[in-house]
Amino acid sequence: MWTVIQQIAPYAIIFTIPLLITALGALFSERSGVVNIGLEGLMVIGAFTGALVILNMQEMMPGQQKAIWIGLALATVMGLLFSLLHAFASINLHANQIISGTAINMIAAAITVFLARNITGSGNIQISTLKPFNVPFLSDIPVIGSLLFTRTYATTWLVLAILLVSAFMLYKTPFGLRLRSCGEHPHAAEAAGISVSKMRYIGVMISGAFSGLGGAVFIVTTGGEFNGTVAGLGFLALASLIFGQWKPLGILAATLFFGFATTVANVSQVIPSLAVIPPVFLKVFPYVVTLIALIVFSKSSQAPKAVGEPFDSGKR
Amino acid sequence: MRNGIISLLAVLFGLIAGAILMAVTGNNPVEGYKYLFEGGLKNLSRIGNTLATATPLIFTGLSVAFAFRTGLFNIGAAGQMLFGGFCAVAVGLTFDMSRPLLLVMMVVAGFIGGALWAFIPGLLKAKFNVHEVVSTIMMNWIAYWTVYYAVPAYFKGEFLETESKKLPEAASLRTPILTEMFDGSYINLGLFIAAIAVIIFSFIINKTTLGFELKAVGFNRDSAEYAGIAVNRSIVTSMVIAGGLAGLGGVAFYAGNATSIQIGILPTQGFDGIAVALLGANTGIGVLLAAIFFGLLYSGRGFMNAMTEIPPEIADSIIAIIIYFAATSILIDRMIRYFINKKKNKKQPAIVQTTTEKKEEV
C-alpha cells in the first residue's frame, strides 16, 4: 500500500496544482460576490496562450526553460484580460452571472481552437513540458521526502507560495477584509466607503489571472499539448471551491482529494490491489462524493451571502 | 416583442463579431457567410441536414427553458441527453420487436433516463437546497463515465471500442420516406417528436395550472409558497420534465442523426441548449427558431470549411458571442431605449416628453 501511495503521489500532486490555483482564483471572485463558472473557459484561454507563446519562444531560444516561464506569465495576463468580459457583464450590466460564465466557457472553447487552426493549421499545439526535479536535501528525508519532494515541478512551489500569500491577503490585510465584505454585505461595505464594483472587478480579475495560470500549468506539466479543452478541470475547481467551503485550506484539502481520487482512478488498472474495483466506481467517486458533501454542508454552508447577486446601490 | 428585438440584435452582433474574426484572421467574411449559408440551405439534402442538426437542439433548448421558467438553471442537459440517449440505444439494441413498438419504447426509455438524471439534482435542491448548477455539473460527469464503461462492456461495436454497435434499422428514427424526400439527408422522425414537444411545452407553460405554478415559483419562490403552491414538489417536477426533454434530445441524436452512441464525449448540444433557450427567450416558438438558426450555422460550417480557409469553429464562436450579447441584453435594452427616446424627443413637445421618459424608467 505504502509503495502505491509513494508511486502515485507525484502524479496526484501534478493533477492537484492547476486545480488548486484555479479554485483559489475563484475564491477571490466568489468572496467578492461574483460567481464565476467560466473557470473552465479561462483555463482554456490560459492553456492556449501558454502553448502558443511557448511554441514560438522555443523556436527562438531552443532548449531553454525560460520560454515556459514567459508562456506562463502571458497566460496569466490573458486570463486576466479575458475575465474582464465576465466582470463587465456581471458587475456593470447586472447580467445573470451563470449565463455570462457559460458564455465565457463557450467563447473560450470555440475561439481558441479557431485561432489555433488559423495559426498552426491544426487544432492541437504540441509543446515540450517543464522538467521535474528533486528538491536538494529535502528529498532525502525519509517518508515525506519521497512523497513531496521528488520529481516536483517549479510550478508546484510557485502555486503553493501563491496559496500562502492569498490566505494572508484574505484574512490579515485590510484589502482582504474589504473584499470579503463585498461578498457578504455589499451595502454595508458601500456605506463604509468601499467601492463594491471596484472590489468585485479585482476579485474577478484575480480569478481570471489564476485560472489562466492554472490552464497553462496544466499543459506544461501533464498535458504537453493544447487541444481545446482542459478536461473539465475548471468545473472540478468550482466543485473544490464549494467542497472546501470557500476557505484557502479547505480548498487545498479538496483539491488534494480530487487529485488523489482522479490519479487512483487513472492508474487503478496497473495496481493489483485496486484492479479488483470496477474502474467506473473509481471514476465517478469524486463526483458522487462532491454531491454527498453538498448535502452534508447544505445546512452550514459557508458561501458568501451576496454571491451571485448583482449589486444594486439603491436596493437595501 | 422587446425580447424578440433583443434576440435579433444579439444575433446581428454575433454575426458582425464573426465577420470581424474572419477578417482579422485574413479571410473574406462575405465569402465565408455566403458558403456558410449555402452549406445549410443550398439544396433539399442540406436543408434536411440543417433541420436534423437542429432537432436535438430543440429538445435541449426546451429542457433548459423549462427549468428556467421555474427559476432553475439546468446546466446538466448534456448529461441528461447522454444518459437518455444511452437508455434508448440500450433498448434498441436489446429488444427485437415490431418497429413502432420498439421506437415508442426507446422514446420512453430516453425520457425516463434523462428524467432520472435530472431528478437527483431536483431532489437535492428541494430537500437540501443544494445549488442545481453544481449538482447538474457533477451529474454530467457521472453520466460521462457511466456511459464510458457501460458501452464497451455491454454493447461493444463491431469495429471500434469507442462506440456501440450500430442500431438495427427497426430501431432507427430515420425513415426511407423522409430520407428520399430530402435527397439522402439524415433528417428523421425526431423532428416531429420535437415539434410535438414544442407544442406540449407551450401548452403546459401557458395553459395549465402546473405551468402557472411552475412560473409562480420561478418569479418568486417565497410568495408562491405563501400562496399555497408546493414549491419543493414544483422544483422536482420541473427538473424531471426538463431532464426528460433533454433525454429525448439524446434519442433524436443517437438514434436519429447518428446510428450508435460514442463514448468519451459529452454532447455539446447540452450546452448549446442554454444558448438556444436564452436566445429563444424561454418560449416554445423562440426555442424552435433559435435551434433552427443554430442548426443552420452548424450544418453549413462544413461546406464553408471545404470552400474557404476558415476553420469550422467559427460557427461555435458566433453562437458563443451571441450568447454573451444575449446575457448582456441590458446593454441592448439601453440602446433601444436611447433610440426610442431620441425619436420621441424630435416628435413631441417638451412637457409630454418628460412624462414619457418617466414612464420608460418605470
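This passage describes the interface between chain A and chain B and the aromatic pairs of the structure. The model is predicted.

The interface was examined first by contacts and area. On the chain A side, 40 residues are in contact with chain B, which contributes 44 residues. The size of an interface is often given as the accessible area lost when the parts come together. Here the two chains, A and B, bury about 3,700 Å² between them. Carbon and sulfur atoms account for 84% of that area.

Polar links across the interface were then counted. Two residue pairs are in polar contact between chain A and chain B, both at pLDDT 80 or more. The rule finds one salt bridge across the interface of chain A and chain B. A:Arg117 and B:Glu313 form a salt bridge. Their closest N and O atoms are 2.8 Å apart.

Four helices of chain A each supply at least two residues of the side that touches chain B. They are helix 3 (66-92), helix 4 (97-120), helix 10 (233-243) and helix 13 (279-297). Helix 4 of chain A gives the most to this side, with 14 residues. By residue class, the side of chain A that touches chain B divides into 29 nonpolar, nine polar and two charged residues.

Aromatic rings were treated next. Over all chains, the structure holds 26 aromatic pairs. A pair of aromatic rings is described by the distance of the centres and the angle of the planes. A:Phe28 and A:Phe210 form an edge-to-face pair. Their centres lie 6.0 Å apart, with 85° between the planes. This pair links distant parts of the chain, the two residues being 182 residues apart. A:Phe28 belongs to helix 1 (residues 2-31) of chain A, and A:Phe210 to helix 9 (residues 196-223) of chain A. Both A:Phe28 and A:Phe210 are buried.

In chain B, B:Phe293 and B:Phe294 form a tilted pair. The distance is 5.9 Å centre to centre, and the angle between the planes is 45°. B:Phe293 has a relative accessibility of 18% and therefore counts as buried, since buried means under 20%. B:Phe294 is also buried, because its relative accessible area is 0%.

Ring pairs also build a cluster that includes residues of chain A and chain B. From chain A comes A:Tyr287. From chain B come B:Trp141, B:Tyr144, B:Trp145, B:Tyr148 and B:Tyr149.

Terms used: Residues are numbered from 1 along each chain as its sequence is written. Chains are lettered from A and ligands numbered from 1 in the order in which they are written. This is a predicted model: local features need pLDDT of at least 70, side-chain atom pairs count only at pLDDT 80 or more; totals for chains, interfaces and linings use all residues. Side-chain values use heavy atoms; hydrogens and water are left out. Contact means heavy atoms within 4.5 Å. Buried area is the accessible area (1.4 Å probe) that two parts lose on being put together, summed over both. A salt bridge is a side-chain nitrogen of Lys or Arg within 4 Å of a carboxyl oxygen of Asp or Glu. A polar contact is a pair of N or O atoms within 3.5 Å; within protein, one must be able to donate a hydrogen and the other to accept it, and residues adjacent in sequence count only if both atoms are side-chain atoms. Ala, Val, Leu, Ile, Met, Phe, Trp, Tyr, Cys and Pro count as nonpolar, Asp, Glu, Lys and Arg as charged, and the others, Gly among them, as polar. Rings of Phe, Tyr and Trp (its six-membered ring) pair if their centres lie within 6.5 Å; planes under 30 degrees apart count as stacked, over 60 as edge-to-face and the rest as tilted. Buried means under 20% relative accessible area, exposed over 50%, partly exposed in between (1.4 Å probe, protein chains only).
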